[in-house]
Amino acid sequence: MPGTPPPRFWQSPIETLPGPQPWSRGLTQAEASERYEKFGPNDVLAERARPLWRAVVDRFSNPLILILLFASALSAWTGDVLSFAIIVAIVLLSVVLDVVQQRRAENAVDALRRSVGLKATVVRDGTEAELPVERLVPGDVVRLSAGDIVPADCRLLEAASLYVNQSLLTGEPYPVAKDAAATATSGSPAEALNAVFAGTSVISGSATALVCETGRRTELGAVARSLTARRPRDAFERGIQDFGLLMMRLTIFLVLFVLAANTLFDRPWLESLIFALALAVGLTPELLPMVFTVTLANGARRLAERRVIVKRLASIHDLGAMDVLCTDKTGTLTQADVAVAHHVDAEGTPSARVFELAYLNSTLASGIASPLDRAVVAHENLPDSGWSKVDECPFDFERRRVSVLLEKNGDRLLVVKGAPEDILSLSTRLEQANGATGPMDEAWARRLTGEFERLGEDGYRVLAVAVRNLGPSERDARAAERDLTFAGFLAFVDPPKPDAANAIRELKKAGVTVKILTGDNERITQHICRELDIEVTGLLTGTEIDGLSDEALRARLPSTTIFCRVLPQQKARILAALKHAGHVAGFLGDGINDASALNVADVGISVDTAADVAKEAADMVLLDRNLDVVLEGVREGRRTVENVTKYILMGSSSNLGNMVSMAGAALFLPFLPMLPTQVLLNNLLYDLSEVGVPFDRVDPETVSRPIRWDLGLIKRVMLILGPLSSLFDFFTFWALLTLFGGNEQIFQSGWFVESLATQTLVVLVIRTHRRPWKSRPHILLASLSIGVALAGVLIPFTPLGTLFGLVPLPPLFYALLVATVAVYLASVEFVKRAIYAQTARVS
């Protein structure tokens, strides 16, 4: 029929889909490689990696560099081939320095990111193997189990009790049962019960599936711009870009001014044009992206040494700025070594029957095994009782329970295990010690609630177990969750971590407040806090949070330490409220229920053992789950931001000073204050001296509190130190014109040496809030800064100096240079301390 869309893969016969026969052997490695070349990586946002030559070419897309090369080519056409060769060589060296440093940093970060990347179990050549998700191709056969993120759009070949959360695509929050035998007539993914889709997560069960669509051809890929778009740039990234644009505008304005002045004084137009363009290239902070990337990449590498893998580079800034950390209790405050302590019936008597029921529920359910399930299985290995599973309803955070429907010799039994409050509310009868059952009246309900509360106050995590006998025709576990018979309680113990209290105290000293977000009840959480001597200033439960408006919730945040019995959407709401209140909020979580909170947080932190969906949502992944590692990460984040800020403070003040000096010189000099090639050489050497900034040490006091991007401080430093630098330039101009005869070559050589010395050595003052001699710089930074300053002094005595038009200067100049640099650095130190003192008073 004309206009009818072709059938989707879930509507097509299985034999027509792009896969091998038989399915059990999967693709061969050769077939997979061929298809990868055809279809590309399985990533909805993937772009093919750019070759190194393309990165070099991209640097030449800078209009200033292109115009500079064009103007230098005109210079060569007019006979000045030497200037053309020098300019091209310097531009190439600058580009190579930028590209190599940034590419090395990006490669290091990519390697770290891949180390915690998602993997899928794939059948290739008849053998199962773990492969990175991006290597999947249409026709691959994959195995899925509880906790996995579905790696691509797949047609189910086999499925056992498979439930999938596909709210990412459909908005439906409840798990959807999938069946390989189902027939799909609709073209809507929401009704494709025989298919699973990329980005959705397996809640329970297992499956074998055929990959049909990958990358941007998936349903997720079709809406990738709205559903998987990268999060908005944070204040740090915006600030970096805004600063770059500010410097670019100032540079263009002053370059046009210098060009107009040279034209007004009838200086050679071509030389003036090349000088103005060289000035633009020299004054533009073109090294900023490289320093930004290299500094953050080095921070990521150092965090990796502390067993923290960074997936999003800019999150290092967020970690350094974080002032509130929200974390779960299990595994962070406790050892996550959960063990069964008691199993008792309704009368509080130890009961093998209660444990047997819990054991059946934990071993036969195919959902994600919780630490409590693993503790039940590890407590005692019971013999096969003959029960087999008919159906199950997996755990979800609304119901807070898991139900398994069992059959044995024609009898059917529903076993339910979950939160005591929910199980008690569904129970109408109870089992007694003699095996008889009786009604669950109000007296029994109060007694059991009291027992549950007592166990919680003693520090036990408690689950309730209930059953219901069903007829042979019953097949729906979820529909049978009513009129239950209460069987008893399981009490679990999870010892507190001895070092957790100290880590929280250290985080508090570092300006980071720790708040606990947990699904546990308030009694056990308060017990753990007492054991660890953690001060609890306030407590909110999930029920209470539901009764608060957003404004009321924000008002309660400062006085609340513990949030108990919170659902996933409530965790996300708490994080959003903290951000709205002006905090930089981090979240540490590892479960499926934590994915939304990890996305909302300024910095989402997960662990290597977390569910795939949690690791995918996180910005950082801890290989060791403890707060000490987070504390180290916080300090490293602050250190990294501090080093980026150093470069910007140095670059902004030096660049603005040079702009003002150039503009002033253009008004009264009868010649160019520096030749275009000298400007470019000066800039290249200065860039080289700054390569050590990402590796520099920081003072402990500067990382003792959260560090946020402060564009106001940068502007103050730039607007004060920039003109201060120009004052010393103008003094040098005066000395060169009056004391040394005003010769053109002497002037250009003198300012080349003085400019390079002041702007490279000032780093040793600006890099620290302390007195310079009380803070030791990194050896690489100190060596490059002093070495480049000395190189500037020596170059005029070498053939290279002759090549660039630089000549040796009289001995008196060098004595004057030492005095000028010393007074300049002392002045910068005085002004710096005044600026930081004023900033401290304001803050």
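Start by selecting strands β1 and β3 (residues 141-145): the two run antiparallel and are joined by three bridges. Strands here are DSSP E runs of at least two residues, helices are H or I runs of at least four, and both are numbered from the N terminus; two strands count as paired if DSSP finds at least two bridges between them. Before going on, note that this is a predicted model, where local features need pLDDT of at least 70 and side-chain atom pairs count only at pLDDT 80 or more, while totals for chains, interfaces and linings use all residues. Residues are numbered from 1 along each chain as its sequence is written, and side-chain values use heavy atoms, with hydrogens and water left out.

Now click on Val-123. Its bridge partner in β3 is Val-141, and in β2 it stands opposite Glu-128. Add β2 (residues 127-132) to the selection: β1 and β2 pair in the antiparallel sense over six bridges. The two make a hairpin with two residues between them, and Asp-125 in the turn has a positive phi of about 55 degrees. Switch on a surface around β1 (residues 119-124): five of its six residues are buried (under 20% relative accessible area with a 1.4 Å probe, protein chains only), so the strand is largely enclosed by the rest of the structure.

Next stop, the open sheet. Eight strands run in the order β8-β23-β22-β21-β9-β18-β20-β19, with mixed pairing. At the edges sit β8 (308-310) and β19 (539-541), each pairing on one side only. From the β8 edge, step to β23 (residues 620-622), which runs antiparallel to β8 and is joined to it by three bridges; look for Ile-309 opposite Val-621.

Then go to Met-322. Along with Leu-333, Met-322 touches the most other members of the largest nonpolar core, which has 62 residues. Such a core is a set of buried Ala, Val, Leu, Ile, Met, Phe, Trp, Tyr and Cys residues joined through side-chain atoms within 4.5 Å. Leaving aside neighbours within four places in sequence, the contacts of Met-322 (heavy atoms within 4.5 Å) include Val-512, Val-584, Arg-638 and Pro-706. For a second, separate core of 58 residues, select Leu-713, Leu-781, Phe-804 and Tyr-824, which are among its members.

Finish on helix α24 (residues 676-689). Its 14 residues reach 20 Å from first C-alpha to last, close to the 20 Å expected at 1.5 Å a residue, counting one less than the number of residues. Of those 14 residues, 13 are buried, so α24 is largely enclosed by the rest of the structure.

Notes. Buried means under 20% relative accessible area, exposed over 50%, partly exposed in between (1.4 Å probe, protein chains only).
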